[in-house]
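Here's a quick tour of one structure, written for someone who likes to know which atoms talk to which. Have the 3D view open while you read.

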Amino acid sequence: MTPPVIRLGLIGCGTVGSAFAEQLIAREPMLTRRLGARLRLERVAVRDPSRRRPVPRQLITGDAASVAED
């Protein structure tokens, strides 16, 4: 049986947000086993989307309100 997916949105990707996102991505298999659900980072809202971030580019948006609404 496929574990359910919990979609996450992150607002802010500075020092703490970046570390959180990196760990979430790196530890996904272990977290899925422990929680019985898959945590999937869907979108990350940042002030300046043009800056380099430690998350996949397609997840980055400049619209924090849309992340919160989703």
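What follows covers the salt bridges, the nonpolar core and the largest pocket. Keep in mind that this is a predicted model.

**Salt bridges**

Let's start with the charged side chains. A search of the whole structure turns up four salt bridges. Arg7, Arg40, Glu42 and Asp70 are linked in a network of them. Here are the pairs in that network, with their N to O distances:

| Pair | N to O distance |
|---|---|
| Arg7 and Glu42 | 3.8 Å |
| Asp70 and Arg7 | 2.9 Å |
| Arg40 and Glu42 | 2.4 Å |

What does the pair Arg7 and Glu42 tie together? Arg7 sits in strand S1 (residues 5–11) and Glu42 in strand S2, so their bridge links parts that are 35 residues apart in sequence.

The bridge between Asp70 and Arg7 has its closest N and O atoms 2.9 Å apart. Asp70 belongs to the segment after helix H3 (64–69) while Arg7 is in strand S1, so this pair ties together parts 63 residues apart in sequence.

And how open are these side chains to the outside? Asp70 is exposed, because its relative accessible area of 56% is over the 50% cut-off. Arg7 is partly exposed at 45%, Arg40 is partly exposed at 31%, and Glu42 is partly exposed too, with 24%.

**The nonpolar core**

Now for the greasy part. The largest nonpolar core has 11 residues: Leu10, Cys13, Ala21, Leu24, Leu39, Leu41, Val44, Val46, Val55, Leu59 and Ile60. Which elements give two or more residues to this core? They are helix H1 (15–26) and strand S2 (38–45). Strand S2 gives the most, with three residues.

Leu41 is a good place to zoom in. This core residue is found in strand S2. Is Leu41 buried or exposed? Leu41 has a relative accessible area of 10%, and buried means under 20%, so Leu41 counts as buried. Leaving out residues up to four places away in sequence, Leu41 touches Leu8, Leu10, Ala21, Leu24, Ile25, Val55 and Leu59. There's also a long-range pairing to look at: Leu41 and Gly9 are 32 residues apart in sequence, yet their C-alpha atoms are 6.1 Å apart in space.

Val44 is another member of the core. With residues up to four places away in sequence again left out, Val44 touches Leu10, Gly12, Cys13, Val55, Leu59, Ile60 and Thr61.

That last contact brings us to Thr61, which lies in strand S3 (residues 60–61). Thr61 is buried because its relative accessible area, 16%, is under 20%. On the same contact rule, Thr61 touches Val44, Ala45, Val46, Pro49 and Val67.

**The largest pocket**

Last stop: the largest pocket, with a volume of about 160 Å³. Which residues line the largest pocket? The lining is made of Gly12, Cys13, Gly14, Ser18, Val46, Arg47, Asp48, Arg51, Arg52, Arg53 and Pro54. By class, that comes to three nonpolar, three polar and five charged residues.

Cys13 and Val46 are worth clicking on, since they appear in this lining and also in the nonpolar core. Gly12, another lining residue, is among the contacts of Val44.

Technical notes: Residues are numbered from 1 along each chain as its sequence is written. This is a predicted model: local features need pLDDT of at least 70, side-chain atom pairs count only at pLDDT 80 or more; totals for chains, interfaces and linings use all residues. Side-chain values use heavy atoms; hydrogens and water are left out. On a 1 Å grid over the protein atoms alone, a cavity is a set of points where a 1.4 Å probe fits but cannot get out, and a pocket is an open set with protein on both sides within 12 Å along at least five of seven lines; lining residues have an atom within 4 Å of a point. Grid points are joined across faces, edges and corners, and a volume is the space filled by probe spheres set on the points. Ala, Val, Leu, Ile, Met, Phe, Trp, Tyr, Cys and Pro count as nonpolar, Asp, Glu, Lys and Arg as charged, and the others, Gly among them, as polar. A nonpolar core is a set of buried Ala, Val, Leu, Ile, Met, Phe, Trp, Tyr and Cys residues joined through side-chain atoms within 4.5 Å. Buried means under 20% relative accessible area, exposed over 50%, partly exposed in between (1.4 Å probe, protein chains only). Helices (H or I, at least four residues) and strands (E, at least two) are DSSP runs, numbered from the N terminus. Contact means heavy atoms within 4.5 Å.
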